[in-house]
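Colleague: I am new to this structure. Please take me through its salt bridges and cavities, and give the reasoning behind each label.

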Amino acid sequence: MKKKTVYIWVGTIVGLSIILFSIIYFFQLQNDAINVANQVHKSSTPKFSYFYQGDLNDPLDKPMDVAKIGQFVYVTDTNHKRVQVFDSTGTPIFKFGKEGTGKGQFKFPYGITGDSKGNVYVADLYNEKISVFTSKGKFIKYFTDANHKEDFLKSPGGLRIFNEKLYVTDIQSGRVLIYNLDGKKLLEVSSAINKKDRLNSPNSVAIDEDQNLYVSDSGNQRVVVFNKDGKFLRIVNGSKDGKGDSKFVNPRGIAVEANGTLLMVDNMTHFLYGFDKKGNQVFQVGGLGSDKEQFYLPNGLNIDEKGEVFITDTVNARVALYY
């Protein structure tokens, strides 16, 4: 009996050991697969999918920015003084807005973003206001500051909402401002390395998962990175450590992928760039032209929750989708 008991215990221990090692091996394989996938993704170049162009008889005209809000894609159709809305296949669904200075009207609709309720925020560069609409394009209100002023910004440009905070660039005054959605100002950034190193026509803004703030400092031909408190972190300009001459000519739309890769469209070189967390370039695509992987003065850039990349190609009058 004792010998039989020993055999049973030995068999049980061996069996449990096999199961334990199998579980460890399975999870190791999973981790290895995830690591390989991440490495491939980090080094991969976005691939072109298709264009958003609008109705054949009423196409986009100078699309400046784009945002995926809920199930729809919203594009500021700037020369038409309106917003065009598409479904996920690129089919135009409806439009809203017209030229003017009244509620729901635009003079130069530019940056666009959305909140968790599906409301659409549109920055009007020349009307000096941020208008808020329902997802169907019905005007709700102007976004105001704590003093309930509608024109508290001189020239609102880039817009993004992240964690119930509105990030906006004031291009003319050279500032980036952060508000809660009730209009209370939380932070203002107007310089980079030091107080004398002023931002010059900051055009677009992006936020990563650590809440670091990225600003396309267009007039200074660079992207400036700050931490969540507005403290300067680094400069990205295509040179080593951002300390050399910039390779950019009018950097515009920016966004940060989930893996930390910074995407940026350079307006006058017509390229889409990718940079890692240290500011090293990892890819470059595009160039001047009208073919499917070329641009002509690209401006806006946005990444949706699936990691798809939308780029407004202003002169070619289209939005390019990459994945």
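Modeller: Start with arginine 318 and aspartate 313. This is a predicted model, and in it the closest N and O atoms of the two side chains are 3.0 Å apart.

Colleague: Why is the contact between arginine 318 and aspartate 313 called a salt bridge?

Modeller: The cut-off is within 4 Å, nitrogen to carboxyl oxygen. The distance here is 3.0 Å, so the pair qualifies.

Colleague: Why is arginine 318 called buried?

Modeller: Buried means under 20% relative accessible area. Arginine 318 has 5%, so it is buried. Its partner aspartate 313 has 0%, so that residue is buried as well.

Colleague: What makes Asp55, Asp58, Asp77, Arg82 and Lys95 one network?

Modeller: Shared partners. Salt bridges with partners in common join these five residues. The structure holds 14 salt bridges in total.

Colleague: How do you know that lysine 185 and glutamate 188 form a salt bridge?

Modeller: Their closest N and O atoms are 2.8 Å apart. That is within 4 Å, so the label applies.

Colleague: Why is lysine 185 called partly exposed?

Modeller: The label covers values between 20% and 50%. Lysine 185 has 42%, so it belongs there. Glutamate 188, at 34%, is partly exposed for that reason too.

Colleague: What makes lysine 306 exposed?

Modeller: Exposed means over 50%. Lysine 306 has 58%, so it counts as exposed. Its side chain meets glutamate 308 at 3.9 Å, N to O. That is still within 4 Å, so this is a salt bridge.

Colleague: Now the cavities. What makes a space a cavity?

Modeller: A 1.4 Å probe fits inside but cannot get out. There are 2 cavities of 30 Å³ or more. The largest has a volume of about 70 Å³. The second largest has about 40 Å³.

Colleague: Which element gives the most to the lining of the largest cavity?

Modeller: Strand E26 does, with 3 residues. Strands E4, E10, E14 and E18 are also among the elements that give two or more. The lining includes Asp65, Arg160 and Leu301.

Colleague: How do the residues of that lining divide by class?

Modeller: The lining of the largest cavity has 3 nonpolar, 7 polar and 2 charged residues. Gly counts as polar, and Gly111 and Gly158 are among the lining residues.

Colleague: Which residues line the second largest cavity?

Modeller: Among them are Tyr214, Arg234, Phe275 and Lys277. By class, that lining has 4 nonpolar, 2 polar and 3 charged residues.

Key. Residues are numbered from 1 along each chain as its sequence is written. This is a predicted model: local features need pLDDT of at least 70, side-chain atom pairs count only at pLDDT 80 or more; totals for chains, interfaces and linings use all residues. Side-chain values use heavy atoms; hydrogens and water are left out. On a 1 Å grid over the protein atoms alone, a cavity is a set of points where a 1.4 Å probe fits but cannot get out, and a pocket is an open set with protein on both sides within 12 Å along at least five of seven lines; lining residues have an atom within 4 Å of a point. Grid points are joined across faces, edges and corners, and a volume is the space filled by probe spheres set on the points. Helices (H or I, at least four residues) and strands (E, at least two) are DSSP runs, numbered from the N terminus. Buried means under 20% relative accessible area, exposed over 50%, partly exposed in between (1.4 Å probe, protein chains only).
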